[in-house]
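Reader: Give me a close look at one part, please: the lining of the second largest pocket. Then carry on to whatever shares its helices.

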Amino acid sequence: MTDPLPNVHVRAEILTQALPHMQRYDQEIVVIKYGGHAMGDPAAAEDFAEDIVLLEQSGLKPIVVHGGGPQIGRMLARLGIESEFKGGLRVTDEATVEVVEMVLAGSINKQIVGWIAAEGGRAIGLCGKDGNMVRAKRALRTIRDPDSDTEQEVDLGLVGEPEHVERGVLDAVLKAELIPVLAPVAYGADGKTYNVNADTFAGAIAGALRAKRLLLLTDVPGVLDKDKNLIPELTVEDCRRLIADGTITAGMIPKVETCIYALEQGVEAVVILNGKVAHAALLELFTDFGAGTLIRRT
């Protein structure tokens, strides 16, 4: 018969190694952006909920910001609403933003709250509209015109970016020892509803609350070099250089720009990591190994 004690001792050793990390983050705010594709795996969703509850029980103050692009796309198709794209970017009109709000602030938001509750946590689902938490402004985007080879501004409709974060609502929620789960939908000063990129929304929340860490859970291991190898650590200066020389490209550029913004607002460090890795948040925060690319100011 196999002796179970060695396995028990290994688990005890893991816990003792986690202790200094727990002490470092005690009572600190950690903002975690949970991506749309990672939410499609039930086992990964369960792991994520377990991580969030364990973080809260360990003395951290986790705040979850979620995306939902794939789910929005499926709902638009089901309702027969055709999407217009400009330069590969979806245009959000009145009909589309209604679906965006329904999916993000409705079904996905409450699903994540339910996952956390199933693991014994107490979460509350909110969006940027609640308590005027986040005020958005119309986002300006540019695309390169292939004919003239010049950058041209493109109107994406009701796509917004955070203009102001009122932290009072989140402070009250955290004081009540609840876990905020936030959908990236917000009002503008014009009274319209805006769909905000989840990474950008998470960066604004983390910056306003001077979070200890911002974790961006994505579908890739982190920032990769030109040979597709993971870069474990970067500074803001490194990031700007890698964008300029073409190492950081496409969808990783706005993620890294969000990281830079959050750092400039006072976040201590930001990590881009693969949300499909089991217990990725715990590996990053409570072990010496990390799980992605750590970005600091200097």
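Author: Helix H1 (5-25) gives the largest share of the lining of the second largest pocket, 5 residues. Helices here are DSSP runs of H or I with at least four residues, strands are runs of E with at least two, and both are numbered from the N terminus. Before going on: this is a predicted model, where local features need pLDDT of at least 70 and side-chain atom pairs count only at pLDDT 80 or more, while totals for chains, interfaces and linings use all residues. Residues are numbered from 1 along each chain as its sequence is written, and side-chain values use heavy atoms, leaving out hydrogens and water.

Back to the pocket. H2 and H9 also supply at least two residues each to its lining. The space comes to about 390 Å³. Of the 16 lining residues, Ile14, Ala18, Leu282, Phe286 and Thr287 are the closest to the centre. By class, the lining has 10 nonpolar, 4 polar and 2 charged residues (nonpolar is Ala, Val, Leu, Ile, Met, Phe, Trp, Tyr, Cys and Pro; charged is Asp, Glu, Lys and Arg; the others, Gly among them, are polar).

A word on the rules: on a 1 Å grid over the protein atoms alone, a pocket is an open set of points with protein on both sides within 12 Å along at least five of seven lines, a cavity is a set where a 1.4 Å probe fits but cannot get out, and lining residues have an atom within 4 Å of a point. Points are joined across faces, edges and corners, and the volume is the space filled by probe spheres set on them.

Now follow helix H2 (42-57) and helix H9 (280-286), because each also supplies at least two residues of the lining of the largest cavity. There is 1 cavity of 30 Å³ or more, and the largest has a volume of about 50 Å³. H2 gives the most to that lining, with 4 residues. The lining is made up of Ala44, Asp47, Phe48, Asp51, Leu217, Gly275, Val277, Ala278, His279, Ala280 and Ala281, which sort into 7 nonpolar, 2 polar and 2 charged.

Leu217 is part of that lining, and strand E13 (213-218) takes us on to the sheet. The sheet is open, with 8 strands in the order E5-E10-E2-E1-E13-E15-E16-E14 and mixed pairing (two strands pair if DSSP finds at least two bridges between them). Its edge strands, E5 (123-127) and E14 (233-235), each pair on one side only. Strand E15 (residues 269-274) and strand E16 (residues 292-296) pair in the antiparallel sense over 4 bridges, with Val271 opposite Leu294 in E16.

Technical notes. Contact = heavy atoms within 4.5 Å. Axes fitted to C-alpha atoms, helices over the stretch in contact; angles between N-to-C directions.
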